[in-house]
Amino acid sequence: MVKFYESSFNYEYPFPAVSLAYFLRYPNPYAKHVLSTDVIDRHFEPDSQRLYTTRLHLKRSKLPPAVLKLMPKGFLGSRNDTGQSYILEKSIVHAREGWMTTETKNLEWTGILSVIEKQCYKRPSIASAEGDRSGGHINDTKLGTTEVTTSTTFVSRFGQGGLRAGKRKAAVVPPENEATADTAEDDPPKKGFLSSWSTSSLQRTIEIMGMRRTREALLKSKDGMNVVLGRLRSGGLVEVLEGMRRDREAMYGPDGPWKRVWKHGNIIEDDE
């Protein structure tokens, strides 16, 4: 089963400011669940004038209670409690042409639900007479807009592992069991229509829940970006960095998240 979700909106800031804010968006008051962000790879290609970046975000995360209720007892073991999850992010920026593409996907719970989010940030194709040109300086945050298009894909493969294992087992038949296998072909299949329907229905339910959660996350993501953009407008990079420091202390205290986790032995519950 596969489901899609698309949305589009504008930031009232030029493209250079928005692209910078994207890489400085954590931490912010709307992303209290983000523990850390690490740059895995970053390189610039002179020929194409493109900046490629790969980052890894570590977040506090847990499956929604409604999804947990659908899982068989003991299916997740101890992992059904609040824990950590990794999000892989890849981005390409072309500052001269004024566009940026990003792709994020979860590295945890992929057997239950894979979420792949793709975004395209670009300055308007036609500049207005008032000087709506997003290709200006980063600090020119009072002029220009940036268009953002988001497409999210939800894929649930829950329940398919057993089916694949059954097919592999049926494909390899020992010689001594060949007669038994020939006889079994005449028997009715053990998995009936209701069993297949239950699997697809469960996958569809998980995907719908993921879609609802993604809609809420997109709103918070936009609010968090607007906080960073507002700081950039009011005080430039100095205010952005100072705001990040204040947010980090407000969320984790002066010791930071890791020392606090070490002291208490577990991760703090998310407010969301």
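**Close-up views of a predicted model**

Among contacts in the protein chain between residues at least 6 apart in sequence, 72% join residues at least 24 apart.

**View 1. The protein chain as a whole, shown as a predicted model.** The protein chain has six helices and seven strands, and, when its elements are read along the sequence, they follow the pattern β-α-β-β-α-β-β-β-β-α-α-α-α. Of the 272 residues in the protein chain, 37% are buried. The accessible surface of the protein chain comes to about 16500 Å², and carbon and sulfur atoms account for 54% of that area.

**View 2. Helix α1, residues 15–23.** Eight of the nine residues of this helix are buried, so helix α1 is largely enclosed by the rest of the structure. The buried residues of α1 are F15, P16, A17, V18, S19, A21, Y22 and F23.

**View 3. The cis peptide bond between Y26 and P27.** The peptide bond that joins Y26 to P27 is cis, with an omega of about 0°. P27 itself is found in the loop that runs between α1 and β2, the latter spanning residues 34–45. Y26, the other partner in this bond, also appears in the next view, where Y26 is in contact with H57.

**View 4. The surroundings of H57 in strand β3.** H57 has its place in strand β3, which covers residues 50–61. With a relative accessibility of 1%, H57 counts as buried, because buried means under 20% relative accessible area. The side chains of H57 and E89 are joined by a polar contact of 2.8 Å. When its neighbours within four places in sequence are left aside, H57 is in contact with R25, Y26, S36, T37, S85, Y86, I87 and E89, so that E89 appears both in this set of contacts and as the polar partner of H57.

**View 5. The backbone at Q49.** Although Q49 is not a glycine, Q49 has a positive phi of about 60°. Q49 is found in the loop between β2 and β3. The relative accessible area of Q49 is 26%, and Q49 is therefore partly exposed, a class that lies between the limits of 20% and 50%.

**View 6. The largest cavity and its lining.** The structure holds one cavity of 30 Å³ or more, and the volume of the largest cavity is about 30 Å³. The elements that give two or more residues to the lining of the largest cavity are β1 (2–11), β6 (114–122) and α5 (193–252). The lining residues are F9, Y11, Q119, Y121, L218, S221 and K222. Helix α5 gives the most to this lining, with three residues. By character, the residues of the lining divide into four nonpolar, two polar and one charged.

**View 7. D223 in helix α5 and its distance to A31.** D223 has its place in helix α5, the element that gives the most to the lining of the largest cavity. D223 is partly exposed, because its relative accessible area of 34% falls between the 20% limit for buried residues and the 50% limit for exposed ones. D223 and A31 are 192 residues apart in sequence, yet the distance between them in space is 9.6 Å, taken from C-alpha to C-alpha.

Conventions. Residues are numbered from 1 along each chain as its sequence is written. This is a predicted model: local features need pLDDT of at least 70, side-chain atom pairs count only at pLDDT 80 or more; totals for chains, interfaces and linings use all residues. Side-chain values use heavy atoms; hydrogens and water are left out. On a 1 Å grid over the protein atoms alone, a cavity is a set of points where a 1.4 Å probe fits but cannot get out, and a pocket is an open set with protein on both sides within 12 Å along at least five of seven lines; lining residues have an atom within 4 Å of a point. Grid points are joined across faces, edges and corners, and a volume is the space filled by probe spheres set on the points. Helices (H or I, at least four residues) and strands (E, at least two) are DSSP runs, numbered from the N terminus. Ala, Val, Leu, Ile, Met, Phe, Trp, Tyr, Cys and Pro count as nonpolar, Asp, Glu, Lys and Arg as charged, and the others, Gly among them, as polar. Buried means under 20% relative accessible area, exposed over 50%, partly exposed in between (1.4 Å probe, protein chains only). Contact means heavy atoms within 4.5 Å. Accessible areas come from the Shrake-Rupley method with a 1.4 Å probe; for residues, only the protein chains shown count as cover. A polar contact is a pair of N or O atoms within 3.5 Å; within protein, one must be able to donate a hydrogen and the other to accept it, and residues adjacent in sequence count only if both atoms are side-chain atoms.
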